[in-house]
Amino acid sequence: MPELPEVETIVRELQAVVPGARVRSVAVSLPKIVKLPVPRLRRAVLGSTIRHVHRRAKLVLIDLSSGWTLVIHLKMSGQLIWRPRRGRLRVGGHPIPQGTTGWPNKYSHVIIGASTGTLFFNDQRQFGHLKLVKTSELEQWLEEQEYGPEPLADDFTVELFLDLLRHHRRKRLKPTLMDQTVVAGVGNIYADEACHFARVRPQRRIASLTRRERRALYRGLRHVMALAIKHRGTSAYVYRRTDGGRGGMRPFLRVYGRGGQPCRRCGGAIIKTTLAGRGTHYCPNCQD
DNA sequence: TTCAATGTTTAGAC
DNA sequence: GGTCTAAACATTGA
């Protein structure tokens with residue numbers, strides 16, 4: 001999916017325009033995406049007002065006046081699209097397939113009609129899901145998911161990060177960074193980018209990392225996430241009127257998707273390999 | 001035709 | 001028990 005920066009981008013977009021909208025209709029064309037009986041979803045959301053849109057890890061959280069929170073995971077190919085009655089479209093998540101011009105389309109699996117616009121939950125690969133959690137129990141529920149700290153939060157200190165790494169000494173670096181119980185929200189793109197920032201190869205064992213390297217990884221995670229949010233993510237489209245621009249992080253990626261191309265730091269050829277089943281990119285010259 | 005794609009979970013091997 | 005890989009989910013496009 002969209003990783004933390006892409007989810008944060010769409011959450012900010014939605015939070016700016018959606019609160020206050022009253023839900024008037026719910027249409028589900030792919031029931032398996034909704035992890036509860038559709039009639040129950042209807043009862044929980046129809047007639048309620050959207051209060052607040054926020055995020056934890058890669059989850060989009062939409063608080064409703066009914067006391068329920070919609071919990072949406074976009075996984076690999078989910079999108080959220082807000083089409084307001086007036087004003088510009090807000091699109092977040094996976095890039096829109098070429099040729100797609102309107103909504104709903106064949107990937108629009110959940111459509112929530114509201115007083116000021118319509119929210120589309122689209123997902124090409126159908127991996128995403130939508131759940132419902134009582135807002136009063138949301139904090140508790142999130143704790144049960146055992147997410148690690150938010151990498152950009154004030155309480156994510158270097159000391160905490162070093163401590164988390166100590167619990168995974170025998171594991172390889174990149175899968176550990178992507179472990180949502182270690183740090184929340186890190187995915188395949190930004191794990192590679194953080195490793196490059198820290199000049200460390202993704203396949204290194206945690207135990208082999210020097211204190212200096214661990215601290216560089218901490219800085220790398222924070223830097224890469226903040227930069228990606230600043231540029232509105234790597235591929236989330238954010239439409240302005242009809243033509244729109246896309247998430248602008250792509251030109252700032254130093255290794256992801258750049259196999260065979262020269263390293264922007266040292267000129268070495270970026271290697272693309274596989275680690276933990278995921279495409280993994282690094283510079284063999286300046287990452288050790 | 002084959003493979004890989006911003007995620008997560010699970011089964012099985014060692 | 002710990003850690004790894006492959007497969008599964010489903011679809012598309014290079």
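**Contacts with DNA strand C and the five-stranded sheet**

Let me start with R172, where a backbone N or O atom lies 3.3 Å from a phosphate oxygen of DNA strand C, a polar contact in the sense of a pair of N or O atoms within 3.5 Å (within protein, one must be able to donate a hydrogen and the other to accept it, and residues adjacent in sequence count only if both atoms are side-chain atoms). This is a predicted model, in which local features need pLDDT of at least 70 and side-chain atom pairs count only at pLDDT 80 or more, while totals for chains, interfaces and linings use all residues. Residues are numbered from 1 along each chain as its sequence is written, chains are lettered from A and ligands numbered from 1 in the order in which they are written, and side-chain values use heavy atoms, with hydrogens and water left out.

Staying with the DNA, a polar side-chain atom of Q126 lies 3.1 Å from a phosphate oxygen of strand C, and for K32 a side-chain N or O atom is 3.1 Å from a phosphate oxygen of that strand. The residues around DNA strand C, counted when a heavy atom lies within 4 Å of it, include K106, Y107, R125 and R205. Of the strand C atoms that come within 4 Å of the protein, 67% belong to sugar and phosphate.

Turning to the sheet, five strands form an open, antiparallel arrangement in the order β1-β7-β8-β5-β6, where strands are DSSP E runs of at least two residues, numbered from the N terminus, and two of them pair if DSSP finds at least two bridges between them. At the edges are β1 (23–28) and β6 (90–93), each pairing on one side only. Strand β5, residues 78–84, is joined to β6 by four bridges, and Q79 has G93 in β6 as its bridge partner.
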